[in-house]
Structure formats: structure tokens, C-alpha cells
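Me: Could you take a close look at one part of this model for me, the loops with unusual backbone geometry? I'd love one connected walk-through.

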Amino acid sequence: MSWSYSQRSLTRLGTCHEDLQLLMREALADPECPYDITVLEGHRGKERQNRAVAEGRSRLLWPKSKHNSMPSMAVDVAPYVDGKVSWDWDHYHPLVSHIKDVWARLVANELVTGQYTLTAGADFPTLRDGPHWQLDLK
């Protein structure tokens, strides 16, 4: 299956670090991608970040989140299934595995900067966050 990002997703992705942009473009373009992907959020401003904390979606007040830098060092993406965002972990598990595989390929082929490791929010020990991906300095 072949999918492409909407203009809204591309605009959101455009606020992210170049390695995240490449990763998410390659992940969606790969014929092995298990689902269409939508970009929920890249850069997050002060008001939105603090609202995320108030709503229990983040534990980090402005400016502590990886979403708060410009470019953003984090991106939230979700599987887009049957015309809507899916919050079902059964859809996240194969997508997480796929994105990790694409990252490994990009690293092996030296197509990313090489300064960062990739962390999936699905792997967080607490407040697991299926949509969240972040770059961490090596």
C-alpha cells in the first residue's frame, strides 16, 4: 500500500529536527509500512505544553519537553485506520516495530546525522505514549 502525508501532517512534521522528518517520510513511503500515518504534533508552544500537562498527557512543563525546542526533538504520530486516528495498541505495536526498523536502516546507511538515538514513547516505563518519538543525544 502506498500512502502520503496530508499538508497538515507535513506542516507539523516540518517543525521537527531533520532526522525525525526523514525518518517519518521514509517510514510512510516504505511499502512495508503497516498503516497510514498521521502527524499529530511536532513543536509544542508554552500554552499547549502546559495544557498537555494539565490534561495528563505530559508530565513536563514548558520548556522541559522534547517538543518545546525549535526544531522539535520529538514528534507524535499515529496510525490512521479506517479514516481516523487509532488509539488501539494493536495498531501501535506493528507501527512502532516498523519505525524502529526504518531508523536502524537510516543509521546503518548513514542517512541521519548520527548524533542521536531514537526513543519510542511506547517503550517508556511509565506513562507509555504510543504516538511519541524523540531524539536523545548519544
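**Backbone oddities in the loops**

Reply: Proline 63 lies in the loop between helix H3 (46-54) and strand E2 (74-81). Happy to walk you through it, with the reminder that this is a predicted model. The peptide bond joining tryptophan 62 to proline 63 is cis, with omega at about 0 degrees. Proline 71 is also found in the loop between H3 and E2, and a cis peptide bond links it to methionine 70, where omega is about 5 degrees. These bonds catch the eye because most peptide bonds are trans.

Now for phi. Most residues other than glycine have a negative phi. Glutamate 110, although not a glycine, has a positive phi of about 55 degrees. Glutamate 110 sits in the loop between helix H4 (89-108) and strand E4 (116-120). With a relative accessible area of 68%, glutamate 110 is exposed, since the cut-off for exposed is over 50%.

Further along, leucine 127 has a positive phi of about 50 degrees and is not a glycine either. Leucine 127 belongs to the loop between E4 and strand E5 (132-137). Its relative accessible area is 36%, so leucine 127 counts as partly exposed.

To place these loops in the whole chain, there are four helices and five strands, running α-α-β-α-β-β-α-β-β from the N terminus. The radius of gyration is 14 Å, which agrees with the value near 14 Å for a compact globule of 138 residues. Of those 138 residues, 44% count as buried.

Note on methods:
Residues numbered from 1 in each chain as written. Predicted model: local features only at pLDDT ≥ 70, side-chain atom pairs only at ≥ 80, totals over all residues. Heavy atoms only, no water. Helix = DSSP H or I, 4+ residues; strand = E, 2+ residues; numbered from the N terminus. Rg over C-alpha atoms; globule rule 2.2 N^0.38 Å. Buried < 20%, exposed > 50% of the residue type's maximum accessible area, 1.4 Å probe, protein only.
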